[in-house]
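Trainee: I would like to go through this structure and check the terms against the values. Where should we begin?

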Amino acid sequence: MEGTTWAGRTWRFLRATPCATLLAVQLLGVLLYPSLDESSGRSDAAGRTALGLFGVAVLFLAVLAVRRTPALTWISGLLGIPLLALTLLEGLQPGNPSVVTWSAVLHMVFYFYTAYALIRYMFNDEHVTTDELFATGAAFTVLAWGFAYLYSVVQTVWPMSFNAYANPDAPRTWFELLFLSFTTLTSTGLSDVTPVMPHARSFVMIEQVLGLMYVAFIVARLVGLQMHSLRRRS
């Protein structure tokens with residue numbers, strides 16, 4: 001009975017705050033990827049399978065979050081079905097360039113559309129809910145994931161687009177590209193991974209501009225609405 005009650009409470013929380021759950025799972029992924037990614041020296045099937053299953057969980061939560069938004073849910077579902085297959089196939093065939101490339105392309109489109117849906121969700125009304133506040137962080141991390149996959153595609157089309165102090169002649173791992181994406185989007189500039197090819201630099205500059213616009217437009221608007229709501233209550 002307790003297990004059923006706990007499961008029911010967990011499911012109700014998941015349904016009520018899908019953006020909070022998505023944000024928490026993605027931040028958990030930031031902590032888990034170093035132990036499962038190839039950059040840690042681990043390339044066994046168990047690690048790849050764990051990464052694949054984690055990616056499936058993130059996709060499920062992203063679709064669940066989009067269902068709360070005014071965006072078209074069927075688009076997320078349409079993208080999610082082939083992504084599910086490619087994510088699992090990538091875990092089984094990590095050395096297949098076609099699978100890796102198409103997986104990165106579809107992941108990129110899916111995450112960018114999810115970010116668009118979450119931003120529409122935050123701009124949909126004049127009242128800020130708890131889940132909309134969590135959507136601020138979720139949309140930010142989703143954007144970072146989307147650009148990381150974009151950099152992965154850029155690296156495939158234009159080899160050696162990114163350089164790093166560690167193994168400068170080797171292609172960058174996905175976790176290194178995710179680190180670059182986070183440092184670029186937050187404008188901290190702490191990454192040792194640098195774009196060296198023209199197309200790579202172009203996409204990095206676009207992410208820098210979007211990071212500034214995100215804080216200037218989206219975060220500022222939500223903070224303003226929240227302060228207005230608090231003043232009305234008082």
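**Reading the values against the cut-offs**

Trainee: What makes Arg172 count as buried?

Mentor: Its relative accessible area is 5%. Buried means under 20%, so Arg172 is buried. Keep in mind that this is a predicted model.

Trainee: Which residue forms a salt bridge with Arg172?

Mentor: Glu176 does, and the closest N and O atoms of the pair are 3.0 Å apart.

Trainee: Why is that called a salt bridge?

Mentor: The term asks for a side-chain nitrogen of Lys or Arg within 4 Å of a carboxyl oxygen of Asp or Glu. With 3.0 Å between Arg172 and Glu176, the pair therefore meets the cut-off. In general, side chains of opposite charge can pair when their charged atoms come close.

Trainee: How many salt bridges does the structure hold?

Mentor: One.

Trainee: Arg172 also appears among the contacts of Ala164. Where does Ala164 lie?

Mentor: Ala164 is in the loop between E1 and H7. Leaving aside neighbours within four places in sequence, it is in contact with Arg172, Asp192 and Val193. The C-alpha atoms of Ala164 and Val196 are 9.8 Å apart, and the two residues are 32 apart in sequence.

Trainee: Is Ala164 buried or exposed?

Mentor: Buried. Its relative accessibility is 6%, and the limit is under 20%, so the label holds.

Trainee: What is the overall make-up of the protein?

Mentor: It has eight helices and two strands. Along the sequence they follow the pattern α-α-α-α-α-α-β-α-β-α. Of the 234 residues, 43% are buried.

Trainee: How many residues are in the largest nonpolar core, and which touch the most other members?

Mentor: The core has 56 residues, and Leu22, Leu118, Trp145 and Phe162 touch the most other members. H2, H3, H4, H5, H6, H7 and H8 each supply at least two of its residues. H6 gives the most, with 15 residues.

Trainee: What does Leu22 touch?

Mentor: Without its neighbours within four places in sequence, Leu22 is in contact with Val58, Leu61, Ala62, Ala65, Leu118, Ala138 and Val142. One of these, Leu118, is also named with Leu22 among the residues that touch the most other core members.

Trainee: Why is Thr136 labelled buried?

Mentor: Its relative accessible area is 14%. The limit is under 20%, so Thr136 is buried. Thr136 lies in helix H6 and touches Met122, Tyr214, Val219 and Leu222, not counting residues up to four places away in sequence. Its C-alpha atom is separated by 9.8 Å from that of Tyr121, which is 15 residues apart from it along the chain.

Trainee: What makes Leu84 partly exposed?

Mentor: Leu84 has a relative accessible area of 38%. Buried is under 20% and exposed is over 50%, so 38% falls in between. Leu84 is placed in helix H4. The C-alpha atoms of Leu84 and His107 are 9.9 Å apart, with their places 23 residues apart in sequence.

Trainee: What is noted about the phi of Met160?

Mentor: Phi of Met160 is near 60 degrees, a positive value in a residue other than glycine. Met160 is in the loop between H6 and strand E1. At 37% relative accessibility, neither under 20% nor over 50%, it therefore counts as partly exposed.

Trainee: And what is noted about the phi of Ser187?

Mentor: Phi of Ser187 is near 60 degrees, again a positive value in a residue other than glycine. Ser187 lies in the loop between H7 and strand E2. Its relative accessible area of 45% is not over 50% and not under 20%, so Ser187 is partly exposed.

Trainee: How do you know which residue classes line the second largest pocket?

Mentor: By class, the lining has eleven nonpolar, no polar and no charged residues. Among them are Phe112, Ala115, Leu143, Met213 and Tyr214. Tyr counts as nonpolar here, so Tyr214 falls in that class.

Trainee: Which helices supply the lining, and what space lies in this pocket?

Mentor: H5 and H8 each supply at least two lining residues, and H8 gives the most, with five. About 200 Å³ of space lies in the second largest pocket.

Terms used:
Residues are numbered from 1 along each chain as its sequence is written. This is a predicted model: local features need pLDDT of at least 70, side-chain atom pairs count only at pLDDT 80 or more; totals for chains, interfaces and linings use all residues. Side-chain values use heavy atoms; hydrogens and water are left out. A nonpolar core is a set of buried Ala, Val, Leu, Ile, Met, Phe, Trp, Tyr and Cys residues joined through side-chain atoms within 4.5 Å. Buried means under 20% relative accessible area, exposed over 50%, partly exposed in between (1.4 Å probe, protein chains only). Helices (H or I, at least four residues) and strands (E, at least two) are DSSP runs, numbered from the N terminus. Contact means heavy atoms within 4.5 Å. On a 1 Å grid over the protein atoms alone, a cavity is a set of points where a 1.4 Å probe fits but cannot get out, and a pocket is an open set with protein on both sides within 12 Å along at least five of seven lines; lining residues have an atom within 4 Å of a point. Grid points are joined across faces, edges and corners, and a volume is the space filled by probe spheres set on the points.
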